[in-house]
Amino acid sequence: MAARSLLLFAAVACVVVVAHNAAAITLSSRLIHRFSDEAMELRVSRNGSGFGNGNGEVAGSWPRRKTLEYYRMLVASDFQRQKMKLQFQLLFPTEGSQTMSFGNDFGWLHYTWIDIGTPNVSFLVALDTGSDLLWVPCDCVQCAPLSSSYYSSLDRDLSEYNPSVSNSSKQLPCSHQLCESGPNCKSSKQPCPYVVNYISENTSSSGLLVEDMLHLAAGGNDTSNSSVQAPVIIGCGMRQSGGYLDGVAPDGLMGLGPGEISVPSFLAKSGYVRNSFSFCFDEDSSGRIYFGDQGPANQHSTTFLPTTQNGNYETYIVGVEACCIGNSCIKQSGFQALVDSGTSFSFLPQEMYEVVSKEFDRRVNATRANYEGCPWNYCYKVSSQATPKIPSVTLVFPANNSFVIQNPVFVVNDGQGINGFCLAIQPADGDLGIIGHNFMTGYRMVFDRETMKLGWSRSN
């Protein structure tokens, strides 16, 4: 109903009723569609002109119902209204837009500091486009260690969220539309439980859902020093398992997926920014994240694919038409891939992996080597400090949009210098590949959820 209301004009009449020396005013309204004949007559009588062109040519500019021009004008008007409502051009965490990677200490993922609650408490959360929920360790039953003494990369302790201490925290009841466990609750008023299972084996987070404030800063035109307290749903993560107890995301994870419960969804639905976000991961382990960013006009892009039969998007899936090693493109190499910043490295379907790896091996002028504990099969020894020329790896998307992997290898360092390198690709268990964050390095990656497109351009 809210969407329909944007298509209507209101003609308002005022009726005055007097009884027992008391006057009551009753307002009534009749709704008129913006492109109806009556609306056209109103426009002409007020302006003496046609629709939008100011020259009186009504018939030629007023769209006929159910034509392509009719729907085009409706959509254009809706987008214009959305732009008028937007409060900020860009948003980012209050502690800064910087992201960072701590290497093997934190599972090779990228992290950013965020502030939650009133008074605000800081959390170092992993950035994950492969899931939706923002969760942090909370009222812990089974959580990772939070003392900085456990982590060589940290100079301060990590935090534990306590909803009872935050003045802005509210429990999410089972009756809430975003409570997936609602049907299994004994009472609609009881707190909503959650369980999220991740791709990594036996890795999960569970607890209760709460609503609280996420503190953000604004960027863009005329928004200097602006701060935003945006209400979002947070997972009070009481119990973690698997990788989340072994150094991966010990202080929580921010899901950036297309689901309604994700932070980008809340920010867009509340009218803070456009329904889009971007991040970049640089080779020096630093990066940036911005909510509302739709990227530069000259960026490359490809369309996300629906993941359900009714056309919904549950994750960010793209179609890969071909894979190239150097200037050699492998025939019949199409597959689908999940774009997942929460996966450290990248995966190809088994058959595609074998072909790509062998072609890469054929083109590398280096001796194969084995490194103890290394998860990759194609590793090479370096005889001097000069790494041999490494062939490029390119994913070709529809419309011949090429995504050149800036750094397809993982460099092996023995403490005295470069000892070797490995092709940082692994075989997937099924037919779905994964574009992990190592493939995204060097790019400004844009997840435009308004157009459902993935955009990319070289970062600087």
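Reader: Which strands does helix α6 lie across, and at about what angle does it run to β17?
Author: In this predicted model, helix α6 spans residues 350-363. The strands it lies across are β17, β18 and β23, the last being residues 393-397. Relative to β17, the helix runs at about 20°.

Reader: What is the strand order in the open sheet of four strands?
Author: The pairing in this sheet is antiparallel. From one strand to the next, the twist averages 25°. The order is β18-β17-β23-β24.

Reader: Why is one side of β18 and of β24 left without a neighbour in the sheet?
Author: β18 covers residues 328-330, and β24 covers 401-405. Each has a single partner strand, so one side of each lacks a neighbour in the sheet. The reason is their position: both stand at the edges.

Reader: Which residue in β18 stands opposite I325?
Author: Strand β17 takes in residues 322-325. Three bridges join β17 to β18, and the two run antiparallel. Opposite I325 stands S328.

Reader: Is S159 buried or exposed?
Author: S159 is found in the loop between β7 (134-142) and β8 (170-171). Its relative accessibility is 16%. Buried means under 20%. S159 therefore counts as buried.

Reader: Which backbone oxygen does the side chain of S159 reach, and at what distance?
Author: Leaving out residues up to four places away in sequence, S159 touches V121, S122, F123, P137, L146 and D251. For one of these, S122, the backbone oxygen is reached by the S159 side chain. The partner is the backbone oxygen of S122, at 2.8 Å.

How values were computed. Residues numbered from 1 in each chain as written. Predicted model: local features only at pLDDT ≥ 70, side-chain atom pairs only at ≥ 80, totals over all residues. Heavy atoms only, no water. Pairing = 2+ DSSP bridges. Axes fitted to C-alpha atoms, helices over the stretch in contact; angles between N-to-C directions. Contact = heavy atoms within 4.5 Å. Buried < 20%, exposed > 50% of the residue type's maximum accessible area, 1.4 Å probe, protein only. Polar contact = N/O pair within 3.5 Å; in protein donor to acceptor, adjacent residues only side chain to side chain.
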